Amino acid sequence: MNIRELRKKIDEVDARIIELLGERLSIAREIGKDKRTEKRRIEDRKREQEVIEHVKSLAREKKIDISDEEIESIYRHIIAAAKGAQGIEVAFQGEIGAYSEEAVFNYFGTSVQIRPRETLEEVFRVVEDGEVQFGVVPIENSLEGIISRVYDLLLDSSLKVGGETEVRVIHCLIARPGTGLDTIKRVYSHPQALGQCRNFLKHLNAELVPTYDTAGSVKMIKEKGMTDSAAIASARAAEIYGMNIVAKGIEDNPNNFTRFFVLAKEDSTPTGNDKTSIAFTTKDRPGALYEILGEFARRNINLSKLESRPTRQKPWQCNFYLDFEGHREDRLAREALENLEKNLIFLKVLGSYPLAVI
């Protein structure tokens, strides 16, 4: 059989694959309709992992010459398309091209319907009101620390943290074509992005202007025809808005990651590889925090994060934000949380969710 005949066979196989993909997406749409009718959560990470393990097993059983990694990569894309077919809508703060949009795609795949919003408050509101199923918000940066406003909003909201994802942040200095480093008088970006590029910016001798969004800064410079200004944002933002990258990788530290929370009306079911986030206020007595942490230590529950923020109710009183490994429904975690509740002024479980895949 010559190469032309073999290619014809490949075309025939591709036609069958496309037909089967269409059938799979059609079934996914029906599942999405049922989930919305029954008001069930569309995103189901446990089910996704079951599908991945099933197809890996099938490939091994049928002795197909393909690695587990390759089959998983293929099916991750298929699953992402299926989620889009089910009608997943996700809100994020910022413009198209923002790092939050990248976080949405990291977690849900590129087939989902995105809903940009101007403020973090708007993201929370549209999920609470049921206008979209999910929201994605930044919670902390590896260089600049926590996004305090998000923690404050989580305390006041009925929403749960149902997932997390991390984005490697590579900042670019972006300007209109023809603008060079020596002509830049102002740099616009989100305060977090400006803070993450201090070393580069201090040699630029330009005014730093905080804005609500990285990609929004690029869009503004383009629309206003600002030839003496630049923005700090992603390379994708430069591409989207047809702008020029003056300098790339300008962040102070290459280990620059931003962690994002996925917001939903319910958190995730246990997967066996989970994390739980809680907020609490201790009683005002010596050793109070030590006693709380002991509840986890005695049960060999690993803590991955501990932060404090003012309560805004009493001077110098703090809320603590803690992440621990495990799901709130796990026996040991449930015991720890029950004991904590007896010894705290305030306790809120923000949500349990699968650990981020990096």
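Start by selecting Gln93 in this predicted model: with a relative accessible area of 10%, Gln93 is buried, since anything under 20% counts that way. You'll find Gln93 in strand 1, which covers residues 89–93.

Now show polar contacts for the Gln93 side chain. One of its polar atoms lies 3.2 Å from the backbone oxygen of Glu118, and the side chain also reaches the backbone oxygen of Tyr212 at 2.8 Å. Turn on the surroundings, and among the residues touching Gln93 you'll see Ala98, Ser100, Leu120, Val123, Val136 and Asp213.

Next, jump to Thr258. Is Thr258 buried or exposed? At 9% relative accessibility, Thr258 counts as buried. Thr258 sits in strand 11, residues 257–264. Show the Asn141 side chain too: a 3.0 Å polar contact joins the side chain of Asn141 to that of Thr258. Other contacts of Thr258 include Pro138, Glu140, Thr165 and Val169.

Time for some sheet. Color strands 6 to 10 and read across: the order is 8-7-9-6-10, an open sheet of five strands with mixed pairing. Strand 8 (207–210) and strand 10 (244–248) stand at the edges with a single partner strand each, so one side of each has no neighbour in the sheet. On average, neighbouring strands here are turned by 30° against each other, ignoring direction.

Zoom in on strand 7 (residues 186–189) and strand 9 (residues 229–233): the two run parallel, joined by three bridges. Pick Tyr188, and opposite Tyr188 you'll find Ala231 in strand 9. Then bring up helix 9, residues 214–224, which packs on this sheet and touches strand 6 (172–175), strand 7 and strand 9. The direction of helix 9 makes about 155° with that of strand 9.

Last stop: select 331–342, which is helix 12. From first C-alpha to last, this 12-residue helix reaches 17 Å, close to the 16 Å expected at 1.5 Å a residue. Which residues of helix 12 are buried? They are Ala333, Ala336, Leu337 and Leu340. Look down the axis of helix 12 and its buried residues fall within an arc of 95°, so they line one face of the helix. Spin to the face turned away from that buried side, and you'll meet the exposed residues Arg331 and Lys342. To see what covers the buried residues of helix 12, show the neighbours, including strand 12 (274–282), helix 11 (288–297), strand 14 (318–325) and strand 15 (344–354).

How values were computed. Residues numbered from 1 in each chain as written. Predicted model: local features only at pLDDT ≥ 70, side-chain atom pairs only at ≥ 80, totals over all residues. Heavy atoms only, no water. Helix = DSSP H or I, 4+ residues; strand = E, 2+ residues; numbered from the N terminus. Buried < 20%, exposed > 50% of the residue type's maximum accessible area, 1.4 Å probe, protein only. Polar contact = N/O pair within 3.5 Å; in protein donor to acceptor, adjacent residues only side chain to side chain. Contact = heavy atoms within 4.5 Å. Expected span 1.5 Å × (residues − 1). Arc of directions from axis to C-beta. Pairing = 2+ DSSP bridges. Axes fitted to C-alpha atoms, helices over the stretch in contact; angles between N-to-C directions. Lists of a residue's contacts leave out its neighbours within four places in sequence.
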